[in-house]
Amino acid sequence: MEGKIIFGKREAISLLIILICNQLILGFPSIMSNSVGSAGWILSIYVSILALCLFLIISKLYSAFEGKDLLDISEFAGGNIARIIVGLIVVIDSVLIISVKLREYTEHIKIISFTQSPVSFIMLFFALGMIISVHFGIEPLVRSTTIVLPIVAIGVVIVVAGSVKNFELSNIMPILGTGPYDIFVGGLPRLSIFSGIISLFFIPPFMGGYKNIKKIGVLVITISGIVLTVGVLAYLLVFPYPVSSNNVLAFFELSRVLEYGRFFQRIESVFLLTWSLAGLLYLSSGLYFVIYVFSKTFKLKYYRPLIIPFTLIIFSLSLIPESLMEIMYLDNKVIRYYAWIVAFGLPFVLLSIARLVKRKRRGMAKNGK
Amino acid sequence: MADLKKLIKDMFVFKEPEPREEFILEEKESEKIVNVTDAHDETSEKKKKGSLRNLFSKSANSEKKDSESGKESNNTENMTCVSKNLKENVEYLKKRFSIPINGDVVLREFDIVIKDRKIPACLIFYDGMVNGMLINLNILQPLMLLSNLDVKGKNGEKDIAEYIHKSLVTHNQVKVSHEFDEIVGEINFGGCGVFIDGIDVAYACDVKGWQHRGVDRPNNEIVIRGPQESFNEILRVNTALVRKILKDEDLVAESIEIGKRSKTPCSLLYIKDIANESLVNEVRRRLQNIKTDYIFDTGELEQYIEDNTLMSTPQIVATERPDRVASMLAEGKVAVIMSGSPFALVMPTTNNDFLQSAEDAYVRFPYANLLRIMRVIAIFMSLLLPGLYVAITNYHHEMIPTDLLFAIEASRERVPFPSVVEIIIMEFAFELIREAGLRVPSPIGPTLGIIGALILGQAAVAANIVSPILIIVVAVTGIGSFAIPNFSLGFSFRILRFAYVFLAAMAGFLGITFGLFVQSIILCNAKSFGVPFMAPFGPKTKSRFQDQFFRSPIWKQEKRPDFLNTKDTQKQPKISRQWRKSEKKKGKQ
Amino acid sequence: MGSKTKKSFTVLLAFIMSFSVTGCFDKREIDDLVNPIAIGFDKGSNHSVRMTLQIAIPTKVAGGGEGGGGGGGEESVSYTTVEAPSIYSGLNMINSYVSKQLNMSQIKVLVFSEELAREGIEKYINALMRGREFRPHSYVIVARGTGNAAERYLRAVEPELESNPAKYYEMLLSAYTYTGFTANTSLTNFYKNMVSESTQPLAVLADISKFEKSDDINMDNSSYQEKGREFPLEGDFKAGDMPKVGTIKSEVMGLAVFNGSKMVGELDGEETQLQLMLEGNFGYSYVTIPDPEAEDYVVLLNIKQNRKPKRKVEIVDEKPHIKVNIYLEADILSIQSGVNYESLEKVKILEDAAEKFFEKGFLRMLKKTAKEFKSDIAGFGKEMKGKFLTWDEWTNFNWIEKYPDSEFEVDVDLKIRRPGLMLRTYPAAGTEVGEE
């Protein structure tokens, strides 16, 4: 990478929170409701705790390799081939996720305000934002995230707090929704919600000597877990099942419920501001992540020329699905079921192998004497 | 009768036009294409070589000819050092200062009497730039009258020079020099040069005495509570104003000259054991490496040394208040003051400096924070309000309360333009009024403001060219932009406002968000002398600097800003109100 | 300029030009839109629906900047009726002859005729919920009467105090907080209750005044006789039957009870108040109680519901046993008979009488919902829901079928707090005139 870029703990946390929590705004609550009925919030807590445990295990394995990111470790473990394989897996996975998300954001905004505009017109705004922000590098992007994240958070808090008037406890009855089996076993693949955590393992070189990745990871997962759960809980308290699983735009519907007297009605378009900001931040961070991993995998010196080709690839991929229903199917059933393999499985496997290799080498060195 | 005839004749008879010579700007000698037939003797020889080359060589020759004619005075022209011969010096001075064509140069020749020798001398200065009394009393009088005192010691020339310098010229700033350039430089800036026959040095005395403005109240940064002094155009007065506030011998005011011809003196101010050394070195490096002929104002200087010319926000603060400069120096920043400009430059800056006015420090804690909130709201309004109006009325109709919607619709019914065009018309009109208001002569000045704003707006509404709500939007935007403390920033927002209107017209809230996002990226990327512009929001610095957005009470501000990497970070001890501590102890007893 | 700046300039220029080529798609100027504020649905012939739109004319509503305006509701709206297979086809047809484009985001009121409601309005509600432009807080109203009740009702609405008919609707329909004669039947509530297996939806009843002159006023349509009263109290009417005469012809009182998406009955004003109390949404209102000690006299109380009711549902022998505790507070407004109810001894009598009065009303109403309407409009299913652990158990329980067999027990706890400004009523002192 060009130049030594360092950012602090606070910025890393904001970046990761955006990467994980952006789904709350998209359709996360109704997805939860769809799978387990009125127990969506339980599923959310369960998945967060599970992710936390897994992360603690992985970070224990990681502690031997402070300061290195996944690509360095894979190179250590298996040489160039391993690095290229790991890099490619991560890149492809991320590209797919980002292109689906780009389309989803666009479709949502189209439903909300821009019913007549063509999809590519709106996607152009997002794509331009991505190109410009990645062009300037990761530093301004991360700083913008730190500044903008509180604004997005305030927007979410206003929506949740404003809908308290419409809370009805009976809406989350029956407590266990569609049944404990569905929640605890069927909900396992939902771990993919936290797939954004994989970018945490690529951050160490930027942290400039901050060695405690574990602390950041724990903090991020806890905060995201709380935010997601509160969001889902608020949504479920307002809309009973099965209405809750019916809504295309869960959080948007929640903001439509806000009504204070005759004046504060239908201010959901204001939230369009916060949502577009969150979307732009997420997509830009994702794009930077993809380009960074790619250029590091192939040991490229400059990453700027990669921006436009990758944006075009993502743009074209996101235009492939034909309708919103197809996108939602892709997002809910396909990606969310398999992304956890890359996010948690890959580091786990990789780190175990690397540990073994390290032990073997140390053993060989000892034996060599 | 005869007149009438003449008149008719004049009207109908054709008259030859009188030959009038129009002024033509002649080209340089070397660019002139002279007719070959008017050639000199020498060129006829070179005719064979081709006419073009002839022309060029002819012109070269002619130039050489001109220079040759002046060969007699070659000696004096090529002089760089003062000669012992007064006559040569006088010739040189006459040539260099274009005497007697240059009307305000005074060349006074007089005699110095030492013992019984009469030594001729001369004095040269610019009339109007010098204080005549100083010259008369401190230079002419001692040299002409009081020089007839005993010279103790050898009667050598060197002694005379020293004697004159150390004992006779009773002036507090005298420079001795061999080089003509130095002396001429001093003369150009209000000094007077003294040349004495037989001595190969000349004296340049600083007798500045031109008319200038006194120390006035600040025009642009007006506070209610706080000192009411502002800088004026004299360098030494300005540095004195800053120094008398800080009274710190660690305050260093380095002299730097900028401009090849104008040699404008500047001062680089910093506090030696607070400011970061690399920062000072960087500023010095940039200042010393500006190559230009003349420089006039710190505005130009700012543009020479700033990081990024194309960025919309300024990266250097220009202020005309010495107390503000002093407080920024105390934080660890660096200031540059230039002679001839009442604005001092302070660098590096972050975004917070543009939100603060000098008054924030002098006013109590709650008021200062309330004012800051107002300013932030003003900034957002001046930037986004027209864009938001366009976005809401064109794309997001459901947001408008029903009554307001009908009101807007009713008022827009007869307006022929779409809202975007309306806004652009009104914004342009507003900017025109602003610009014109600067140049209107003072009797009409205030009335133009009233006329422009009220009557024009009202008339436009009555004529159904714009809708009344738009007037309010534009007026509030304009007022908001005046609430921004920093002039350049307000300016930049005036430009960006139009960009937001276009973005909003294209894609409603999405366009505005896109614009905000891109702007925040660019702002976060900007650096001002190595300090990120959005510190301390951007890179979250470790120490909790208490004056970022909200100002904490003054007894809580203990540390200097972390992003400046100052040498001494502690401004106040933890308990700066020591009287509290002692009170408690007394109570216990 | 350097080549780098030149390059970025050309790119920027290309982008800007491409934007101008694409154009702004969704941009619609405000004055290119027309905003209807109410829709009425009537039964048309052959599966079609007859839609009436009440459109506000902004120039007449707002009055502009030249003064004038103010009041005059008649001119500020215009009506149009169209017959079409569904909502959106009707909108399309209207778009073809109205010069501006219809924008449905200001619709405050959705009126269904009684005929249409009795057949079932599921398909319309679904379409309205799916559309992004319709407000979720618009009110669902059923217009009483036969034939084109909705159109009749809409055409009769002439707001007098407002120039903006939208404001009229909003204020009128949110008056339940201080009258208790209607309820918050917003579209989102209606939809949620319609598909819910634990509650049933309600809609506000509306109608046009029957009486033209005050001589015509009669109490024939009041329900006081069914309730066993000797004279009608203020809540014993439904919309259209109120004994009133005035320029404001539209009346709103009472609720339409739905079973699923079909209308099955009506609640009059008093029953609506009780329904609000059961939900816990009763604000405050004036209620008339027959005087316990003096016949033919009434006591006026200002009733508030300060605490939410306690509801319990138990299953006994396959039948739901529903117990409700209602907590009310009252201030004395007027004692016509002059009996000193403000004193500490007599206040208990008044409280008991009021409690019995309400309990009787509750039992009557709840029995009606169970036996006659067979629909659980007070939402007792919500209490039931909490007893199950999984969704399938709940759906298998099938509360909707079980509700008609319910047994009710209501306990009202009423406390009189303040007597107004007077501590006791003194009788007028004068000689007896005209009585021997």
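This report describes selected backbone, helix, domain and contact features of chains A, B and C.

The model is predicted, so that local features need pLDDT of at least 70 and side-chain atom pairs count only at pLDDT 80 or more, while totals for chains, interfaces and linings use all residues. Residues are numbered from 1 along each chain as its sequence is written, and chains are lettered from A and ligands numbered from 1 in the order in which they are written.

**Backbone features**

Most residues other than glycine have a negative phi, and most peptide bonds are trans. The table lists four departures from this pattern, with helices and strands taken as DSSP runs (H or I, at least four residues, for helices; E, at least two, for strands) numbered from the N terminus.

| Site | Backbone value | Place |
|---|---|---|
| Tyr241(A) to Pro242(A) | cis, omega about 10° | Pro242(A): loop between α8 (213–238) and α9 (250–256) of chain A |
| Met347(B) to Pro348(B) | cis, omega near -5° | Pro348(B): loop between β10 (344–347) and α13 (351–355) of chain B |
| Lys263(B) | positive phi, about 45° | loop between β6 (251–258) and β7 (264–271) of chain B |
| Asn46(C) | positive phi, near 60° | loop between β2 (36–43) and β3 (49–56) of chain C |

For burial, the other C-beta atoms within 10 Å of a residue's own are counted, with C-beta atoms placed from the backbone: 20 or more make it buried, 12 or fewer exposed, and a count in between partly exposed. Lys263(B) is partly exposed because 16 other C-beta atoms lie within 10 Å, whereas Asn46(C), with 6 such atoms within 10 Å, is exposed.

**Helices of chain B**

Helix α15 of chain B runs over residues 365–394, has 30 residues and spans 42 Å from its first C-alpha to its last, close to the 44 Å expected at 1.5 Å a residue; the expected span is 1.5 Å times one less than the number of residues. Within α15(B) a kink of about 50° lies at Leu384(B), shortly before the proline Pro386(B), the bend being the angle between axes fitted to the seven residues ending at a residue and the seven starting there.

An unreviewed UniProt entry places the feature "transmembrane region" at residues 373–395, 445–463, 469–491 and 498–518 of chain B; such positions are given in the numbering used here, feature names are shortened, and annotations may be inferred rather than shown by experiment. In the model, residues 469–491 of chain B are 83% helix and 0% strand, with end C-alpha atoms 24 Å apart, and residues 498–518 of chain B are 100% helix and 0% strand, with end C-alpha atoms 15 Å apart.

**Domains of chain C**

An automatic or database domain assignment provides the domain bounds, and for chain C it gives domain 1 (33–58 + 76–267) and domain 2 (269–427). Taken over C-alpha atoms, the centres of these two domains of chain C are 27 Å apart. Counting residues as in contact if their C-beta atoms, placed from the backbone, lie within 7 Å, 29 residues of domain 1 of chain C touch 29 residues of domain 2 of chain C. On the domain 1 side, the elements giving two or more residues are β9 (250–259) and β10 (262–267) of chain C, and β9(C) gives the most, with six residues.

**Contact between chains A and B**

The contact takes 29 residues from chain A and 22 residues from chain B. On the side of chain A that touches chain B, α1 (9–26), α5 (119–135), α6 (138–162) and α10 (268–297) of chain A each give two or more residues, and α6(A) gives the most, with seven residues.

Definitions and conventions: Two residues are in contact if their C-beta atoms, placed from the backbone, lie within 7 Å.
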